[in-house]
Amino acid sequence: MRIFAVGGGGFTSATHGGLDETLLTLIDRPAKRIGYIGTANDDDPIRIGHFHALIAPRVSFASVMPAHVSAREAATWIRGHDLVYVGGGDTAKLLEQWRATGFDRSLREAANDGIVLAGVSAGAACWFEAALVRGASGRLECIDGLGFLKGSACAHYSTEPERRTAYPDHVARGAVPPGIGIDDGVGVLFHGSNECATWSAEDGCWAYRVRRDLRGGAVSSRLPAL
């Protein structure tokens, strides 16, 4: 199972183009097929437009998963791609819809069969056991993720300073398991449950491993980036 988690930026916001370059290298074939899922942002037409403008011309086949498809239709759609990318937005809504339809199981089966999963913000945090996300109220809150990856995650670690304080605090208190905070402009590739490479598309942007220390606090260590 390979998962590429992006803290923020990339083609859906038309920034940090280097992340898109990395994304394309994850497909190990010349005729690349990429699918986009906009569940978390209600299929925002601007983000879909960026997908068609910035990614579709560079691959052999690109498509957007239609809204309100059945679980069977969604599973068939996934199988037509080498990589499936999930856009940002409301993480809790995304997870609720996927669990209600069984789409989460289809994604896990596809990933186990070699299809790469990727995403930004909500589309990055959703793969972990837990995540610190901004809820509908506007406050940061802990939610249970899909558990494809062990530990927890927090996106937008650089652009929202509140997260850089709140996430280590939640880890220290045991509200979320130890995990990774990802700046905008940074993508982390996981193979199985282990991060195997980190890419930064902007100077000064990083991913951080956050864990509890022996005194009941939390400590952060910066991951080396390519």
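This briefing describes the overall build of one protein chain, its aromatic pairs and one residue on its surface. The model is predicted. The chain has 226 residues, and its radius of gyration of 16 Å agrees with the value near 17 Å for a compact globule of that length. Seven helices and 13 strands make up its list of secondary structure elements.

**Overall build**

- Taken along the principal axes, the box filled by the C-alpha atoms is roughly 50 × 40 × 30 Å.
- Of the 226 residues, 51% count as buried.
- Contacts between residues at least 6 apart in sequence include many that span the chain: 65% of them join residues at least 24 apart.

**Surface and charge**

- The chain has an accessible surface of about 9900 Å². Carbon and sulfur atoms account for 51% of that surface.
- There are 23 positive and 25 negative charges in the chain, and the mean positions of the two groups lie 4 Å apart.

**Aromatic pairs**

- A pair of aromatic rings is described by two values, the distance of the centres and the angle of the planes.
- In the whole structure, 11 aromatic pairs are found.
- One of them joins Phe11 and Tyr85, with ring centres 4.6 Å apart and planes at 50°. The pair counts as tilted because this angle falls between the cut-offs of 30 degrees for stacked and 60 for edge-to-face.
- Phe11 sits in the loop between β1 (2-6) and α1 (17-25), while Tyr85 belongs to strand β4 (residues 83-86). The two residues are 74 apart in sequence, so the pair links distant parts of the chain.
- Phe11 has a relative accessible area of 1% and Tyr85 one of 2%. Both values are under the 20% limit, so both residues count as buried.
- Trp98 and Trp127 form another tilted pair, at 5.9 Å centre to centre and 35° between the planes.
- This second pair also links distant parts of the chain: Trp98 is in helix α4 (residues 91-101), and Trp127 is in the loop between α6 (122-125) and β6 (128-134), 29 residues away in sequence.
- Trp98 and Trp127 are both buried.
- Phe11 and Tyr85 also belong to one aromatic cluster together with Tyr36 and Phe51.

**A residue on the surface**

- Arg173 lies in helix α7, which covers residues 161-173.
- Its relative accessible area is 52%. Arg173 therefore counts as exposed, since the limit is over 50%.
- Between Arg173 and Glu129 there is a separation of 44 residues in sequence and, from C-alpha to C-alpha, of 16 Å in space.

Notes: Residues are numbered from 1 along each chain as its sequence is written. This is a predicted model: local features need pLDDT of at least 70, side-chain atom pairs count only at pLDDT 80 or more; totals for chains, interfaces and linings use all residues. Side-chain values use heavy atoms; hydrogens and water are left out. Helices (H or I, at least four residues) and strands (E, at least two) are DSSP runs, numbered from the N terminus. Buried means under 20% relative accessible area, exposed over 50%, partly exposed in between (1.4 Å probe, protein chains only). The radius of gyration is taken over C-alpha atoms; the globule rule is 2.2 Å times the number of residues to the power 0.38. Contact means heavy atoms within 4.5 Å. Accessible areas come from the Shrake-Rupley method with a 1.4 Å probe; for residues, only the protein chains shown count as cover. Lys and Arg count as positive and Asp and Glu as negative; His and the chain ends are not counted. The place of a charge is taken as NZ of Lys, CZ of Arg, CG of Asp or CD of Glu. Rings of Phe, Tyr and Trp (its six-membered ring) pair if their centres lie within 6.5 Å; planes under 30 degrees apart count as stacked, over 60 as edge-to-face and the rest as tilted.
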